[in-house]
Amino acid sequence: MAPQSHPPIHLAAPGGEISRKDLRALVCRFLQLHRQRLLHLSAWLTPRQRDCLEILPLLLHCNHPALPGYRSGQAPAGINAYSVSRTAHKAAQRLAPGFAYRRKAVLAPPIRGLFLMGSAGSIAYSYHSDLDVWVCHRSDLKEEERAELRAKCEDIASWAGTEGLKVHFFLVDPEGFRQGRLEPLSAESSGTTQHGLLLEEFYRTAVHLAGGKLLWWLVPPEQENRYRGYADYLLARRFVDPDSVIDLGGLERVPAEEFVSAGLWHLYKALSSPYKELLKLELLLDYAAAYPQPNWLAAWIKAEVYAGRLEAERLDPYLCLYRRIEQSALARGRGELLPLLRRSFGNKIAPALNHPEHRSKWKALLSALGLENFASSAGARLERIEQADEEWQILVKALEQDYQRLRRFVFQHGLAEPAGEDLLLLGRKLQATLERRPNKVDVVRLVPEGGLPELALSVRRERALDGRWYWRLERGDDADAGRPLYQASHLVQVIAWAQVNGIDRPGTQWTLHPGSLPLTTSELRFLNQNVRRLLEKRSKAPLSAYRQPPRLQAAALFLNLAAPTRPQRGGFSIASERFDPLSYGAERRALVQHVELLSINSWEEIQVDRYHGLEGLLDCLCRLYEQGGAEMALAAHCFSSPALALRVLDLYQNLSQVLRANPASWFVLRGGVCLYVFCLREGRLIWWPCEDEAALEESLGSARADFTPVVFDPQAMQDSPLPFLYRHNRPGKVQLFLRPYANGTEVFVLDERGALYRQNCPGAPPQIVLQRYAVLLEALARRYPAGGAVEYAWLEAKPKSWQMKAAHPPQPQEPAIQVRVYAEELAGGPPRFTLVCNERVFSSLELGERVFAEAARYIRKLRQSGEQYPCYVSDLNVPARVLGLTHPDLLHTACLLAYKRKVEQRLNQ
């Protein structure tokens with residue numbers, strides 16, 4: 001196909017000979033090129049849509065009640081140098097039979113020119129493309145006039161939409177545009193000003209509809225980097241009528257920041273629409289490589305027009321774009337990228353190559369340019385996931401390289417400060433999207449919409465060289481072939497991969513490979529359904545999400561996969577009245593064998609982690625709370641025991657609710673034969689085991705700086721009074737609870753900080769115990785003012801419950817035998833003790849280790865009855881360090897009572 005040839009035109013530099021005839025010829029050449037593009041565009045349109053396009057200028061040129069877009073007779077209307085053609089007039093009459101255009105002189109029309117921009121008229125246009133229209137208006141329009149014109153354009157766009165045309169109007173003030181003031185000028189904007197790059201795309205793809213011509217046409221390509229001076233020369237010397245041209249500025253001073261901003265935007269979008277954005281990204285980086293004097297594609301097309309080569313197909317902006325980036329890729333030694341570039345371009349031009357009016361000429365041109373492969377392969381779909389994955393790996397490498405090229409550009413031009421955060425965020429998104437990790441579900445983002453579904457899929461379990469099991473996913477019709485579609489350590493990961501990459505659809509038949517698989521078809525179907533439910537919660541993450549560490553948004557726990565939950569005996573499950581799955585039966589077994597956690601985070605990552613046993617489950621719950629919190633959507637599933645799944649989900653919800661209500665709380669859980677305590681420490685949720693109730697009481701009695709509420713899981717310690725007592729615990733109060741039983745009294749104290757003290761007093765009458773503790777607590781309150789007021793209560797066991805009744809504090813009464821204990825801290829050695837029994841003083845200074853034995857002997861002598869019952873301390877004065885505390889502020893009542901018990905044990909040896 002021979003190109004249309006015209007004599008070359010050369011315009012001299014300022015001061016040289018410039019022919020007005022050549023200037024007019026150039027305008028005619030550009031208009032001829034644009035008319036060819038309009039003819040190409042109209043071939044895609046229905047007759048009704050052609051009428052819409054034909055009368056677009058007319059609708060903006062006049063206000064007529066019968067025409068779309070009419071709002072009032074005062075709305076801005078009129079296009080400079082526009083004459084209504086007979087074709088446009090007839091199209092308007094077909095729309096409004098009563099319409100008759102009456103020419104009305106307008107001294108200064110508000111609209112200076114009308115242009116299409118983008119794919120319209122190019123090989124990339126299709127039935128689904130939008131029409132972006134630039135309405136260049138006078139700079140002196142008032143704001144209310146601009147608002148009226150904008151509303152008129154919106155009405156016209158709405159009407160065009162009823163005819164199947166998606167039209168977007170953008171108001172452009174040429175003077176403001178040259179100064180960098182612009183409204184959003186694209187239906188897809190990065191939100192960052194990209195004035196120069198947008199202008200280059202406009203000059204490259206614009207199609208003139210009506211009004212003034214572009215001054216840029218008349219600036220020779222060799223003067224591109226001196227645009228302003230040349231344009232001013234043409235205007236000042238009256239080579240060009242200023243009212244007949246539109247000056248949007250030149251491309252000589254595009255700031256480096258624009259390349260960074262646009263590069264970040266295209267990289268960001270390429271992660272979700274790789275084929276669509278790859279061509280734009282590669283062209284941008286080709287421009288950036290030659291900065292500060294990029295080899296603009298728009299300037300190359302202009303040079304072809306000046307040279308007289310006006311064939312619209314050969315100068316098609318998208319075809320030129322592809323040829324440029326193909327040459328650039330080969331020049332940089334990136335030949336592996338060519339298949340991806342060709343698919344991207346092929347997808348773009350496939351509609352044109354299949355259009356009956358364009359097929360032959362485009363195929364002939366592509367063959368002439370050595371691109372005949374596109375004629376047969378354009379728009380070819382990816383058929384199998386292996387092909388998509390292979391191309392995705394090429395794209396991953398390309399995007400990583402493009403990111404590094406952009407980073408080098410940033411630092412080369414000293415732009416690290418303004419672009420630093422955006423680069424950092426994009427780097428995080430790239431890593432989250434592209435990085436392959438063992439437990440991460442890889443998303444192949446080249447899978448077309450609708451997926452690449454397989455009729456049948458098969459899973460099998462095999463043992464790796466290190467002895468561990470792993471799972472293979474295979475195509476159902478070649479399960480005995482060598483290479484699997486996917487393999488991973490976790491079955492849930494395999495299923496999630498199949499679903500997220502579109503090879504598993506509701507009609508896909510899943511089978512188990514014959515062999516000793518610990519899995520049934522029903523359980524496999526159960527897993528599929530519940531994995532799909534979680535993946536439906538995926539959502540797009542904005543770039544701002546990468547400012548913060550990733551947070552879990554949704555998660556699902558899969559418990560005891562391919563394993564029975566209840567203990568077995570002789571092939572049958574063992575039933576028990578103790579039905580808590582976390583502490584089941586007489587042996588208190590925890591029925592959790594393993595957990596597979598499928599999670600989706602705020603960085604769009606999908607991950608599977610495996611935890612073993614009960615304590616693995618507790619680690620999992622801690623991670624869920626730290627990284628997801630109470631707002632995370634959580635589900636739990638167990639094929640062999642729905643009760644276990646419900647129990648675990650209920651546990652997490654209870655734990656989350658407790659910590660959300662008061663982050664200082666402790667949460668106590670029964671798991672197996674042990675008890676576990678959860679608490680937040682420095683923002684992290686931790687747990688520790690207590691082998692039995694005694695170990696738990698020791699933990700609950702430990703020193704603390706602030707009040708700590710303690711909440712018990714409803715299934716924990718149902719026979720103990722502690723959950724009941726802690727429900728009545730109040731900060732700033734010392735609560736003494738006495739539980740009489742047949743041969744003694746049990747004492748519980750919850751102090752002002754929620755710490756527990758418990759003592760069993762066998763053989764001691766309740767009133768005597770009450771009197772002794774009242775004296776002791778009163779003495780401690782005088783000596784340690786930080787302690788709270790004392791409350792007294794009797795505790796009584798009822799069937800399956802506990803009851804509390806207030807006890808009246810006894811009258812103050814000095815005991816017959818007073819035992820006061822004083823401890824003195826000594827540097828580098830054990831403390832020195834002084835015991836005062838009534839008025840007798842016993843000191844370790846004199847008695848050494850025998851001080852407690854001598855004091856006990858004296859106390860027994862003072863007893864008139866001669867009874868041999870334990871010795872009790874009635875007052876205590878001990879420094880914080882002797883108690884093992886690092887600061888006096890950590891001292892509280894339970895610490896003193898615990899030390900009192902140690903002293904009494906030494907007295908009663």
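In this predicted model, the contact between helices α9 and α12 brings Tyr275, Leu278, Leu279 and Glu282 of α9 up against Leu340, Leu341, Arg343, Ser344, Phe345 and Asn347 of α12. Sorted by class, that patch comes out as 6 nonpolar, 2 polar and 2 charged residues. Helix α9 spans residues 274–289 and α12 spans residues 338–353; their axes sit 8 Å apart and make an angle of about 115°. That angle makes α9 roughly perpendicular to α12. The handedness of this crossing is left-handed.

Helix α12 isn't straight, either. It bends by about 40° at asparagine 347, with proline 351 following within four residues. Asparagine 347 is also one of the α12 residues that meet α9. Much of what α12 brings to the packing is tucked away: its buried residues include Leu340, Leu341, Arg343, Ser344 and Phe345, each of which takes part in the contact with α9. Gly346, Ile349, Ala350, Ala352 and Leu353 are also among the buried residues of α12.

Helix α9 has other partners. One of them is α8 (residues 256–270), which packs on α9 at an angle of about 155°, again with the axes 8 Å apart. The two helices are therefore roughly antiparallel to each other, and their crossing is left-handed. On the α8 side, the residues involved are Phe259, Ala262, Gly263, His266, Leu267, Lys269 and Ala270, and they meet Pro274, Glu277, Lys280, Leu281, Leu284, Tyr287 and Ala288 of α9. This contact holds 9 nonpolar, 2 polar and 3 charged residues.

The other partner is α15 (residues 385–412), whose axis comes within 11 Å of that of α9 and crosses it at roughly 35°. Here, too, the crossing is left-handed. From α9 come Pro274, Tyr275, Leu278, Leu281, Glu282, Leu285, Asp286, Ala288 and Ala289, while α15 supplies Glu391, Leu395, Leu399, Asp402, Arg405, Leu406 and Phe409. There are 11 nonpolar and 5 charged residues in this contact, and no polar ones. A few α9 residues do double duty: Tyr275, Leu278 and Glu282 touch α15 and also α12, whereas Pro274, Leu281 and Ala288 touch α15 and also α8.

Leu399 of α15 turns up again in the surroundings of leucine 434, which lies in helix α16 (residues 416–434). The C-alpha atoms of leucine 434 and leucine 399 are 9.0 Å apart, although 35 residues separate the two along the chain. Setting aside neighbours within four places in sequence, leucine 434 is in contact with Leu271, Trp392, Val396, Leu399, Glu400 and Lys440. Leucine 434 is buried, with a relative accessible area of just 7%.

Past the end of α9, the chain does something less ordinary. Most residues other than glycine have a negative phi, and most peptide bonds are trans. Tyrosine 291 and proline 292, however, are joined by a cis peptide bond, with omega at about 15°. Proline 292 sits in the loop between α9 and α10 (297–307).

Two residues also go against the usual sign of phi. Methionine 717 has a positive phi, near 50°, despite not being a glycine, and lies in the loop between β20 (710–712) and α22 (722–727). Lysine 800, likewise not a glycine, has a phi of about 60° and is found in the loop between β24 (789–798) and β25 (801–806). Their surroundings contrast: methionine 717 is buried, at 5% relative accessible area, while lysine 800 is exposed, at 90%.

Two further loop residues are worth a look. Aspartate 173 falls in the loop between β3 (167–172) and α5 (174–178) and is buried, with a relative accessible area of 11%. Not counting residues up to four places away in sequence, aspartate 173 touches His137, Ser139, Arg146 and Arg181. Tyrosine 127, in the loop between β1 (111–117) and β2 (131–137), is exposed instead, with a relative accessible area of 56%. Beyond its neighbours within four places in sequence, tyrosine 127 is in contact with Trp44 and His355. Tyrosine 127 and leucine 45 are 82 residues apart in sequence, yet their C-alpha atoms are 7.9 Å apart in space.

Note on methods
Residues numbered from 1 in each chain as written. Predicted model: local features only at pLDDT ≥ 70, side-chain atom pairs only at ≥ 80, totals over all residues. Heavy atoms only, no water. Axes fitted to C-alpha atoms, helices over the stretch in contact; angles between N-to-C directions. Parallel < 35°, antiparallel > 145°, perpendicular 65-115°, else oblique. Left-handed = near helix turned anticlockwise from the far one by under 90°. Contact = heavy atoms within 4.5 Å. Nonpolar A, V, L, I, M, F, W, Y, C, P; charged D, E, K, R; others polar. Bend = angle between axes of the 7 residues up to and from the residue. Buried < 20%, exposed > 50% of the residue type's maximum accessible area, 1.4 Å probe, protein only.
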